Amino acid sequence: MLPDKDGPSDLTGGGIQSNSREDPAVSLFREYLRLKTVHPEPDYDAALRFLDRMAVELGLPMQKVEVCPGKVVAIMTWEGTNPSLKSILLNSHTDVVPVYQEHWKYDAFAAVKDGEGNIYGRGTQDMKCVTIQYIEAVRRLQAAGKRFARTIHLMFVPDEEIGGHEGMETFVKHPKFLNLNIGFALDEGLANPAEAFTVFYGERSPWWITVHCPGSPGHGSRFVENTAAEKLRRVINSFLDFREKEKHRLSTTECFTLGDVTTVNMTMVKGGVAYNVIPCEMDVSFDMRIPPTVNLQEFEEQIKRWCKEAGEGITYKFAQKNMNQSTTSTEESDPWWNAFSSACKAMNMTLNKEIFPAATDSRFIRAIGLPAIGFSPMNRTPILLHDHNEYLNEQVFLRGIQVYERLVPALASVPPLPGEV
Ligand SMILES: [Zn+2]
């Protein structure tokens, strides 16, 4: 590959494996990892320059859409032989979360590879690996002279890690997104420490709620009735008792993963002015993540009951209340899932189908009615996204390219569906 402009691409450090015979795809991955697309001030320009170069190498047109000021979505397009068919979206985000460098073994932006082939760096799992795997898979398919009926779009979005509001959430409503004529999307998943690969067909709904407890004020030396603190205690008990029940359900139900239960965490408490003053109000906030199997109306009724039972005048308000519970079909009869899962089966891969425990850009894609699967081909890998010492082994990374070399043709060759010509 082309040398890294910021330094030699064999930046390794003492006692670290030399990369003299390193696979060019691994070198490219390590180069991309060194770009500081890290919040709070991601170098988006560096990412765009890198992607420009990739587009030139692949000979693909790349359009850039500034969906919000400073937030550019880049899209490379490999046109199909029948471009009127719905296209395949290979989505990845360019941004990464901050690091606490003092907890890292190596510089989080040096992409150091150790003697076992583990590449350390922010974004190795989330999700710079997938970006390069898409690019390398396309490069190899082109080199083999392949063409497919359906158009393939490689999309690179900014700002997923801070909510995607100025990235995918806005872009899915943009005319240029609609012009892409997408039929099916792939986006990020999570590593799996075992032999299997995890695929995500839905996400939990995040609800952020603040419960406001008013009460009688008074002097701290007295037994004042109907205080804000008493109400607050009952509210907290109801939410946290429910939390315990859900935790128990997760630990005692064999096939359950985090995505199958509701998590509740008390994250903020506000109130009070002085030691000797009983306050007239107190607030408590919770982060809840609710699986698609839960009836959200009934869930809110339950919250109302908890508030009512805790005392008079208690109100609540949402800072976030996601009501979209759309999931992507994983029925064998679904042509997209069938193409995806059959290709995996042909490679002897075991798939674990799960609900994503947190939020990704896939939720915006599913919300407009498009099927999306969250998948990052990393098995035998601990889940280290957002963690210190995030790493990915080069062999797992390279195998992932082969996985996309099979998956992309399968998806881009799904025969015309009813309504398509
Ligand atoms: Zn991510």
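In which strand does Ile 290 lie? In this predicted model, Ile 290 belongs to strand 13, which spans residues 281-290. There are 19 other C-beta atoms within 10 Å of Ile 290, and the residue is therefore partly exposed, since the class of buried residues begins at 20. Leaving aside residues up to four places away in sequence, Ile 290 touches Arg 204, Ser 205, Trp 207, Thr 262, Leu 296 and Phe 299. Ile 290 and Phe 318 are separated by 28 residues in sequence, and their C-alpha atoms are 14 Å apart in space.

Strand 13 is part of an open sheet of 4 strands, which has the order 11-13-9-14 and antiparallel pairing. The edges of this sheet are formed by strand 11 (263-271) and strand 14 (315-321), each of which pairs on one side only. From one strand to the next, the twist averages 20°. Within the sheet, 10 bridges connect strand 13 with strand 9 (residues 205-214), and the two pair in the antiparallel sense. One of the residue pairs involved is Val 211 with its bridge partner Val 284 in strand 13. Helix 6 (residues 228-252) packs on this sheet and touches strand 9, strand 11 and strand 13. The direction of helix 6 makes about 165° with that of strand 11.

Another open sheet consists of 3 strands in the order 4-5-17, again with antiparallel pairing. Strand 4 (112-113) and strand 17 (391-393) each have a single partner strand, so one side of each is left without a neighbour in the sheet. Strand 5 (residues 118-120) is joined to strand 17 by 3 bridges, and these two strands run antiparallel. Tyr 120 stands opposite Tyr 391 of strand 17.

A helix pair was also examined. Helix 8 (residues 335-346) packs with helix 10 (residues 394-412) at an angle of about 150°, and the axes of the two helices are 9 Å apart. Angles over 145 degrees count as roughly antiparallel, and helix 8 and helix 10 are therefore assigned to that class. Their crossing is right-handed. On the side of helix 8, the contact involves Trp 336, Ala 339, Phe 340, Ser 342, Ala 343 and Ala 346. These residues meet Arg 406, Leu 407, Ala 410 and Leu 411 in helix 10. By residue type, the contact comprises 8 nonpolar, 1 polar and 1 charged.

Note on methods
Residues numbered from 1 in each chain as written. Predicted model: local features only at pLDDT ≥ 70, side-chain atom pairs only at ≥ 80, totals over all residues. Axes fitted to C-alpha atoms, helices over the stretch in contact; angles between N-to-C directions. Parallel < 35°, antiparallel > 145°, perpendicular 65-115°, else oblique. Left-handed = near helix turned anticlockwise from the far one by under 90°. Contact = placed C-beta atoms within 7 Å. Nonpolar A, V, L, I, M, F, W, Y, C, P; charged D, E, K, R; others polar. Buried ≥ 20, exposed ≤ 12 C-beta atoms within 10 Å, placed from the backbone. Pairing = 2+ DSSP bridges.
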